[in-house]
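Student: I'd like to go through this one label by label, and I'll keep asking what each word rests on. Ready?

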Amino acid sequence: MTEPSTADRMPIRRALVSVYDKTGLVDLGRALVAARVEIVSTGSTAATLAGAGLPVTQVEELTGFPECLDGRVKTLHPKVHAGLLADVRLPAHRDQLAELGIAPFELLISNLYPFTATVASGARPAECIEQIDIGGPAMVRGAAKNHASVAVVTSPAQYPDLLTALQAGGFTLAQRQALAAAAYVHTATYDVAVASWMGSVVTDTSGGTGFPAWVGGTWNKATGLRYGENPHQAAALYRNAAGHRGLAGAEQLHGKEMSYNNYVDADAARRSSYDFAAPAVAIVKHANPCGIAVGADIAAAHRKAHACDPVSAYGGVIAANRPVSEEMARQVAEVFTEVIVAPGYEAGAVELLSAKKNLRILVVEPHAAGQVETRRIDGGLLMQTADAVDADHDRAAGWRLVAGEAADPDVLADLEFAWRAIRGVKSNAILLASEAASVGIGMGQVNRVDSCRLAVTRAGHRAWGSVAASDAFFPFDDGPRILFDAGVRAIVQPGGSVRDEDVIAAAKLAGATMYFTGARHFFH
């Protein structure tokens, strides 16, 4: 904390301590006693302090009223809140406190019931409701409002600053303002979590749509970024305050600081590589895969993914769904790569990769796709259920054969791979695959014919004998004819075009196999 002045320090004579998280509590209590601070406390907090032999006044002694209703009512009393809310700079407030026999507090130490952790544990709604704190937020808000007279500490992480302030004679006004701002973040984050849960779990406010009538979220600024998508744009990284770490909470082991574009590409790469149960690697450039593959091990998967488009892989971002082996690290080190992200690294891998001074090496917990996806638009927020890849239409058993002979097991396995991999490719998307690896990808085109041409061009001679997946139906037979002329032997696509019969006829004429999935994988 900054210390612009010492003249406005507020000496700490009396503290109200009421915490759920008792990390460092006893040591802090000892420091308060050593600084001759009177401690008033509640319930288990008071018991912990007293058990350590520290002098403490129970809140019920202060209020003259016992804690009741299983602890639901402890601090909701004028002798507590008047002590926190009295602006002692004002003679009228000091006079009223004297008339009422109430002593002011200069310090509140309070953190709230673990509501979010209780929900995350899978507890029943009744148990979660019991973890909705009432008195705690009221005290924290009151002390934060009255920061001119009271300092409020809401996290054990702030205890070192408190100890320093005790030695210095109290917090400065600037420090109390910073503590107050942090306190309001603490309660706001808590309230958003409770309101979101109440609206989606306890009550049905969705109007039958499955989406709540109100949704909120809070994010904490993690760091500023050098710039945004372009050097003239400012940017920063924020982390979800709800606790899910994900890519935003990655541990960086080596390399330059991450950029805005690095994060976007790494997120896209993880989306692609984590769609597979087998060892998989995705290489991404400008948010689009230039190679996706699965292999017997992670090094084999990387070799196959890189071979899809070695030119585009230069300067790419790599995501693996398994710990990076020493063999894979040696392969990656041979090619200029911006970022590599994985759930871990085997012995020797980081040492090999670190030879590249600028390569960003990230460790991220296994990717967990959420149940809903959101996207900001001007003035609003779009929300949808996540596009899952484990539904019936993503397995060959749920597909409908509409042309040619049923694929043999090897071809069918490649079709299933291609259909799963296409989900990570921006629409319009065409992906050619062979031996569980992409060999040509056409993406982000405004018509499907151009995507077919692009996929075939990138595949070259590898298109012959490959299979193809299309993220949406073919509106005409021109796209499939390009694929068949290049030697594609089988296609999997959603179907559903008014010209499906023309497309099917083209497949039959080429002697190719075609399956309809009945569902699409648009990704904009």
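Student: How do you know that S17 and S18 pair, and in which sense do they run?

Tutor: Two strands pair if DSSP finds at least two bridges between them. S17 and S18 are joined by four bridges and run antiparallel, so they meet that rule. One facing couple is Leu431 and Ile441, the latter in S18. Helices here are DSSP runs of H or I with at least four residues, strands are runs of E with at least two, and both are numbered from the N terminus.

Student: What am I looking at, an experiment or a model?

Tutor: This is a predicted model, where local features need pLDDT of at least 70 and side-chain atom pairs count only at pLDDT 80 or more, while totals for chains, interfaces and linings use all residues. Residues are numbered from 1 along each chain as its sequence is written, and side-chain values use heavy atoms, with hydrogens and water left out.

Student: Which sheet do S17 and S18 belong to, and what makes a strand an edge strand there?

Tutor: Six strands form an open sheet with mixed pairing, in the order S16-S21-S20-S19-S17-S18. The edge strands each pair on one side only, and here they are S16 (400-403) and S18 (438-442). From one strand to the next, the twist averages 20°.

Student: Which helices pack on that sheet, and what does the angle refer to?

Tutor: H17 lies across S17, S18 and S19, at about 145° to S18. H18 touches S17, S19, S20 and S21, and its direction makes about 150° with that of S20. The axes are lines fitted to C-alpha atoms (for helices, over the stretch in contact), and angles run from 0 to 180 degrees between N-to-C directions. Contact means heavy atoms within 4.5 Å.

Student: Which residues of H18 are buried, and how do you know that they line one face?

Tutor: In H18 (residues 478-485), the buried ones are Gly479, Pro480, Leu483 and Phe484. Seen down the axis, they fall within an arc of 130°, so they line one face of the helix. That arc is the one spanned by the directions from the helix axis to the C-beta atoms. Their packing partners include helix H17 (448-459) and helix H19 (500-510). Just after H18 comes Gly487, with a positive phi near 105°.

Student: Why is Cys290 called buried or exposed?

Tutor: Buried means under 20% relative accessible area, exposed over 50%, and partly exposed in between (1.4 Å probe, protein chains only). At 6%, Cys290 counts as buried. Cys128, at 0%, is buried too.

Student: How many disulfides are there in the whole structure?

Tutor: Zero. A disulfide is a pair of cysteine sulfur atoms within 2.5 Å. For Cys290, the nearest cysteine sulfur is that of Cys308, 7.2 Å away, and Cys290 is in no disulfide.

Student: In what order do the strands S8 to S13 sit in their open sheet?

Tutor: The order is S8-S13-S12-S11-S9-S10, six strands with mixed pairing. S8 (251-254) and S10 (288-294) are its edge strands, and the twist averages 20° from strand to strand. Helix H12 (residues 298-308) packs on this sheet, touching S9, S10 and S11, at about 140° to S10.

Student: What makes the pairing mixed?

Tutor: Look at two couples. S9 (residues 280-285) and S11 (residues 316-320) are antiparallel over four bridges, with Val281 opposite Ala320. S11 and S12 are parallel, also over four bridges, and Val317 faces Val339 in S12. As for S12, five of its six residues are buried, so the rest of the structure largely encloses it.

Student: Why is the aromatic pair of Tyr314 and Phe336 called tilted?

Tutor: Rings of Phe, Tyr and Trp (its six-membered ring) pair if their centres lie within 6.5 Å; planes under 30 degrees apart are stacked, over 60 edge-to-face, and the rest tilted. The count comes to five aromatic pairs. Tyr314 and Phe336 sit 5.2 Å apart, centre to centre, with 55° between the planes, and are tilted. The pair ties together parts that are 22 residues apart in sequence, because each ring lies in a loop: Tyr314 between helix H13 (310-313) and S11, Phe336 between helix H14 (326-332) and strand S12 (337-342). Tyr314 is exposed at 52%, while Phe336 is partly exposed at 38%.
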